[in-house]
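Please open the structure in your viewer and keep the selection panel at hand. The stops below are meant to be followed in order, with a selection to make at each one.

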Amino acid sequence: MKKVIPALLVSFGVALTPLVATATTPLYQEAYRPQQHFSPLQQWMNDPNGMVYLDGEYHLFYQQNPYANIWGPMHWGHAVSKDLVHWEHLPTALFPDKHGTIFSGSAVFDHTNSSGLGTKENPPLVAIFTYHDHWAEKLGTKTFQTQGLAYSLDKGRSWTKYAGNPVLPSPGIPDFRDPKVVWHAESKQWLMTLAVKDKISFYGSSNLKKWRHLSDFGQDIGAHGGVWECPDLIKMKVEGSDKEKYVLLVSINPGAPNGGSGTQYFVGDFDGKTFKLDAEFENDLNAPVDQSLKTDVVDKGVWLDFGTDNYAGVTWSNVPESDGRHLFIGWMNNWNYANKVPTDVWRSAMTLPRELVLVKQGGDYRVQSRLVAEVGRLHESSRAIDAPVKAKSLDLNKLLGVNKIGQRIQLTLDLKADQRAQFNFGNGKQSVVFTIDNAKQELMLDRSRSGKVDFEPGFAKVQLAPLTEPLVRAELDIVVDQSSIEIFVNKGASVFTSQMFPDSPLDQLRISSDSELTLASAKSFTLGSIWK
Ligand code: FRU
């Protein structure tokens, strides 16, 4: 903290004394504190940054303002985990310097020491991030975002800024940020995917220090309701085959289907220079909205998550080939209200870690998000129904013989092609309602009566997602934490990640329908706290 330039903080109107938790409530037991999701010890957090695996540790850096619980002068906070679910907080990793504050970016393990920033014997971890020069911005220049490097020779515990920063100067476009770097083996180069206003630019390098522009993508395709941020180009195997495709994640704010921040994606190929969108995917994006569908959803992009609270997510680098998963985490918040959510000691949490899977769907491809298997490490006790149950209304607590339903619930339901089923998660006073509406071909999440909602008018708005076909068999995997609900429908084909702020945990579940439904299976798990 002492390394922060005091004048910079004054320019943000930030008090120079870090705000220290004064509450008498023990740490991690404060109202709304997530028990299964990563949140910072104290103060503000936004995007996940620099996610890299090295020697048995998953590193998670994040956009941090160590001085207040609102956005401000950005640093990189740091945590590590051995299993993706239990986290250890480490000291702040990157501090602002004369080039600016430290915006989002990525980290790679430079195992051949191509950058020369380490040695052959001790190759460096290299962080590639955006410098945001607030002074230059205030002076009205358009060159205030540039890309810089820092490196660590001790497994991320201490960092040195590269003396030749910035490595990529601004082309004079104000929004020029969030470098995601990967080693592209086929073209034998480091590949940087960068968000530039509302398109993506690709850059190549042999040493991480000198970059050359390769191509641009996306100017006229996909959702463009806001600025593009935090991209990630991922080479993925299609599930169940050896075919490989490239998936480009692009966060956008505003312009998400349910308001504010969200993440769209594109599927195509990359030849070392250019990203080429699949023709089928492009057709889908350009298809006029089918008026015969009774849905209320107008869908301009293809979205990773229909909940309002999964933003700026990207994948871990350097995950061992023997593992081979594409491990993802997102910021569980939305710029529409992130600075106003009713927490005090800390602000914001991450989503649960997910595995991204590419599946073939007709002639096209879609990305599904599934909870990583490691979430199973939090399972404490479980209850299940013995046999299928048929009814119009079901009290899950009664069926499972528990006072409180577990934090993770897995259900399989058989529904008719025009049936509507509602899942009411409540605490006796407040509730969140999830609806599968097969007649309308729509999913809905209503948090309008979930507790504190008045900090932002749009927070209570119902969230919608279209269904391409009725769900006659619905498999749901749901995690309900103190202040969030994540719903994965049919192996993550549709996802809702949503914050909520009830007075007490939502530990009652009732399912009801307009006609008899079949609950084929139901299982509930109590989950242990990740902080114990
Ligand atoms: C996304 C974002 C990034 C930027 C960072 C600043 O949420 O706006 O584009 O680097 O946050 O904190």
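The tour begins at the ligand and then passes to a sheet and to two single residues.

Keep in mind throughout that this is a predicted model.

**The ligand and its shell**

Select the ligand first, and then display the residues that surround it, namely Asn 46, Asp 47, Gln 63, Trp 71, Met 74, Phe 103, Ser 104, Arg 177, Asp 178, Glu 229, Tyr 311 and Trp 335. If you colour this shell by class, you will find 5 nonpolar, 3 polar and 4 charged residues.

Next, show the side chains of Asn 46, Asp 47 and Trp 71 as sticks and look for the oxygen atoms of the ligand. An N or O atom in the side chain of Asn 46 is 3.0 Å from an oxygen atom of the ligand, while for Asp 47 a polar side-chain atom lies 2.7 Å from a ligand oxygen. In the side chain of Trp 71, an N or O atom is 2.9 Å from an oxygen atom of the ligand. Of the 310 Å² of accessible area that the ligand has on its own, the protein covers 95%.

Switching to a cartoon, highlight strand E1 (43–54), strand E5 (101–109) and strand E9 (176–184), which are the elements that give two or more residues to the shell around the ligand.

**From the shell into a sheet**

Stay with E9 and extend the selection to the open sheet of 4 strands, whose order is E9-E10-E11-E12 and whose pairing is antiparallel. E9 and strand E12 (212–217) stand at the edges, and because each has a single partner strand, one side of each is left without a neighbour in the sheet. On average, neighbouring strands of this sheet are turned by 25 degrees against each other, direction ignored.

Now narrow the view to E9 and strand E10 (residues 189–196), which pair in the antiparallel sense over 7 bridges. Selecting Arg 177, a member of the ligand shell, leads across to Ala 195, its bridge partner in E10.

**Two residues to finish**

Is Lys 180, which you can pick next, buried or exposed? Lys 180 is found in strand E9, and it counts as buried because its relative accessibility is 5%, under the 20% cut-off. Display its side chain together with the backbone of Thr 315, whose backbone oxygen lies 3.1 Å from a polar atom of the Lys 180 side chain.

Finally, move to strand E1 and select Asn 49, a buried residue with a relative accessible area of 0%. Add Gln 63, which belongs to the ligand shell: Asn 49 and Gln 63 are 14 residues apart in sequence and 6.9 Å apart in space, C-alpha to C-alpha.

Terms used
Residues are numbered from 1 along each chain as its sequence is written. This is a predicted model: local features need pLDDT of at least 70, side-chain atom pairs count only at pLDDT 80 or more; totals for chains, interfaces and linings use all residues. Side-chain values use heavy atoms; hydrogens and water are left out. A residue is near a molecule or strand if one of its heavy atoms lies within 4 Å of it. A polar contact is a pair of N or O atoms within 3.5 Å; within protein, one must be able to donate a hydrogen and the other to accept it, and residues adjacent in sequence count only if both atoms are side-chain atoms. Accessible areas come from the Shrake-Rupley method with a 1.4 Å probe; for residues, only the protein chains shown count as cover. Ala, Val, Leu, Ile, Met, Phe, Trp, Tyr, Cys and Pro count as nonpolar, Asp, Glu, Lys and Arg as charged, and the others, Gly among them, as polar. Two strands pair if DSSP finds at least two bridges between them. Axes are lines fitted to C-alpha atoms, for helices over the stretch in contact, and angles run from 0 to 180 degrees between N-to-C directions. Buried means under 20% relative accessible area, exposed over 50%, partly exposed in between (1.4 Å probe, protein chains only).
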